[in-house]
Amino acid sequence: MASVNHIAKLLRPSTIAVIGAAREPNKIGHQVLRNILEAGFPEDKVYPINPKANEVLGLKCYSSVKEIPGDVDLAVVAVPAKVVPQVLRDCAEKGVKAVAIITSGFKEVGNVEAELELVRIANKGGFRILGPNIVGICDTVKGINASFCQGLPLPGDVAFITQSGALAIALVGWTRLKNIGLSDLVSIGNKADIDETDLIEFFGSDPHTKVIIAYLEGISNGRRFMEVAKKVSVKKPIIILKAGKAERTISAIKSHTGSLAGSDIAYDAAFKQSGVLRAKTFLDLFDWGIALSKLPLPSGDNVVIITNGGGAGVVATDFSEEYNLKLMDVPPDLAEKFRKYMPPFGSVFNPIDLTGMATEDWYKGAILEALKDDRVHSVIVLYCHTAVTDPRKIGEAVLQAKKEANVNKPIVVSLIGGTECAEECSRLIENGVPCYESPEKAVSALGALYSYKRGIERIKSVRIPKVSIREDVARRIISKALEEGRTALTPRESAELAKAYGIPVLEKPLARSLEEAIDIAEKIGYPIALEVESPQIIHKTEVGGIVLNVNSKEELKAEYVRMLENVKSKLPEAKIEGVIVRKMAERGKEVLIGMSRDPIFGPLIAFGSGGIMVELIKDVTFRVAPLSLEDVEEMVRETKAYNLLKGFRGEPESDIDVVKDVILRVSKMAEDIEEIKELDINPFFVYEKGKGGLAIDIKVILKGQN
Ligand code: COA
């Protein structure tokens, strides 16, 4: 694990060696050295390394880091791939604290072993590696441009982590254009050693960073990421654009950085559970980043929109719904106050439409009323550039109103128009007011602020409930199956396992002969169901191994014989241990509760509509285990199955509590028993409120050769 101290040496070093400080100006090593000097890093703390040169850019050259007289915090490496291992060994000997490797030609082109060798050298040498395959590091806190970006970004309090180096370079110019300040820009490349989580951890406790934004193509260690992200996000927002949703993009990623893209569903769940905001686009990253770095958290849900254009207001209203913003119903007394700042044909229904006649004074007055009123918690100001007003004056009205109101309330602005609007937007950002060129951007930025607030409130209130179970029984069942070389449990074993975890199941008594079957049936009473029990048969229906609604002894005799003949003809090699004779369960509402393992984040718990609906409407939601009560609550509520369980079209409410309880128990099982690869309870019958439910069909697949 990278300690925060190591990362501090990497991003905020006091001395830097540039290994591969080439003589020719167009070579990368040369550019890195020049960038470091041009950004103002003290010349006597920079050491160019190049065995072929005596001096580069006026500085004395060393032929190896080992020759540098003082300590070296950071070495930036820009020599060809084949030279890198030796250079790293020299760094180890020298006691360099951190190394940033710009060089390409490792894992991203299949040279996995060469990359592992770099990590081995670093581990042995006690230093950390950033990269390889990066553009470098830009840090505005100490003014370090140890990269081949064109220049440093503007100083600011947003830290930007990017897995794409080229984008990092391109975005430096763009952030300047938009007046967006960054504390650091770190390109992480192949992430051989230092990864996004290490950096999130560092920026989480960095006083110069208020918001962390990241472009990622994959996360290295999902569990650790979630653990760190949960801790950091309650202190400061983390916004991530995770690329690689589409299959085509996923193959592009593999060839690009060789990173393993986890399933997108798991990313969604993990981000949500860790309080991480998931950006949809690059621009979201920065739009939201600005808002979250500059605005206080709102104290309530009421949002007021003030506009001079009906259209802008309508668009903002639509987007407010999309981003879960609540437009306040303006109380009559406040409406009266707004009326002072509009013509008679203006509107005091939120959005407050000051009309195209609106002057800067009207804007200022209306904004001031909104800011001063305790019932208003956030304000969105929209302005369409008209001939009667100057965007600069509108911007000034916002700043003045904010100053006079002197309240800690979020306010976002959109100035819609040409160059003057863009310039004024820039000025507003500089003065601490997030400003955007379109209403939807302003709404989405405020929406992100609210999502962040809800996310951290959720994390702070999370309760992981205790679930009583019989792990010993469960382990015995699993061990027996594994010892027998099986990767699936039989229906009876699955039911026993579920029972050990307190999941209500149908009793599944086993008959080893027709006589035994008749005896059991007489005891439990008709109608009954028959199920074949065989370690080789998981999908019973496909081999005719299940018969429902057997109503009498005669039917039982006939069906028993027919079922076994059927199974034997379809799977002659299957070892049949007997026939389960079980009650026909009373039908309930059918839901699915399941578990699978994501390669990045681990156990993923699923809940949704069950039975044949699974395939038909794909109404399933996921979360990463272990689940909290809040996770389960959310899971249940966000499915269509919830409407059914609540009592659709006058039907009585179902026992939602038993559903939540079973989801929690499945989560616990997934956490406890690593050997379970997949589990499906489908259907789980849910009965009326207070009457519980029953797991009808349970499939358990174990890890193994399959
Ligand atoms: N220690 C220090 N310097 C050394 C050295 C050593 N052991 N061995 C060689 N050098 C010097 C060379 O002499 C050369 O300097 P010179 O031109 O003055 O002679 C300098 O290091 C660079 O070596 P060179 O062979 O000219 O390589 P290069 O500059 O053409 O390419 C890289 C080096 C790292 C830039 C290149 O291999 C690379 O990986 N490019 C891609 C970088 C990239 O895109 N990264 C990802 C961004 S997303």
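Let's begin with a pairing: strand β1 and strand β2, residues 46-49, run in the parallel sense and share 4 bridges. Before I go further, please keep in mind that this is a predicted model. Within that β1 and β2 pairing, I19 has I49 as its bridge partner in β2.

β1 has another partner as well. With strand β5, residues 74-77, β1 also pairs in the parallel sense, over 4 bridges. Here I19 stands opposite V77 of β5. So what does the path between β1 and β2 look like? Helix α2, residues 28-38, joins with β1 and β2 to make a β-α-β unit, and that unit is right-handed.

Now, the side chains of β1. Which way do they point, and are they buried or exposed? In this strand, residues 16-19, I16 and V18 point one way while A17 and I19 point the other way. Every one of these four is buried. As a general point, side chains in a regular strand alternate between the two faces of the sheet.

Let's move on to charges. Searching the whole structure turns up 58 salt bridges. I picked out a few for you.

One of them joins the side chains of R278 and D264, at 2.8 Å from N to O. R278 sits in strand β14, residues 277-278, and D264 in helix α9, residues 264-274, so this pair ties together parts that are 14 residues apart in sequence. Are these two buried or exposed? Both R278 and D264 are buried.

Helix α9 comes up again with K272. The side chains of K272 and E638 meet in a salt bridge of 3.8 Å, N to O. This pair links distant parts of the chain, with K272 in helix α9 and E638 in the loop between α22 and α23, 366 residues apart. As for accessibility, K272 counts as partly exposed because its relative accessibility is 41%. E638 is also partly exposed, with a relative accessible area of 39%.

E638 has a further partner, R623, and the closest N and O atoms of that salt bridge are 3.0 Å apart. R623 lies in strand β27, residues 620-624, and is 15 residues away from E638 in its loop between α22 and α23. How accessible is R623? Its relative accessibility is 1%, so R623 counts as buried.

If you put these together, you get a network of salt bridges that links K272, R458, R623, D631, E634 and E638.

Here's another charged residue for you to find on the screen: E559, placed in helix α20, residues 553-570. Why does E559 count as buried? Because its relative accessible area is 18%, and the cut-off for buried is under 20%. Setting aside neighbours within four places in sequence, E559 is in contact with L530, V547 and V550.

Last topic: empty space. How many cavities of 30 Å³ or more does the search of the whole structure find? The search finds 1. The largest cavity has a volume of about 50 Å³. Its lining is made by L489, T490, P491, S494, I538, K540, D697, I698 and K699. The elements giving two or more residues to that lining are α18, residues 491-500, and β30, residues 698-702.

To recap with two places to look at: β1, which pairs in the parallel sense with β2 and with β5, and the salt-bridge network that includes K272, R623 and E638. Thanks, everyone!

Methods: Residues are numbered from 1 along each chain as its sequence is written. This is a predicted model: local features need pLDDT of at least 70, side-chain atom pairs count only at pLDDT 80 or more; totals for chains, interfaces and linings use all residues. Side-chain values use heavy atoms; hydrogens and water are left out. Buried means under 20% relative accessible area, exposed over 50%, partly exposed in between (1.4 Å probe, protein chains only). Two strands pair if DSSP finds at least two bridges between them. A crossover is right-handed if, with the strands pointing away from the viewer, the path from the first strand over the helix to the second runs clockwise. Contact means heavy atoms within 4.5 Å. A salt bridge is a side-chain nitrogen of Lys or Arg within 4 Å of a carboxyl oxygen of Asp or Glu. On a 1 Å grid over the protein atoms alone, a cavity is a set of points where a 1.4 Å probe fits but cannot get out, and a pocket is an open set with protein on both sides within 12 Å along at least five of seven lines; lining residues have an atom within 4 Å of a point. Grid points are joined across faces, edges and corners, and a volume is the space filled by probe spheres set on the points.
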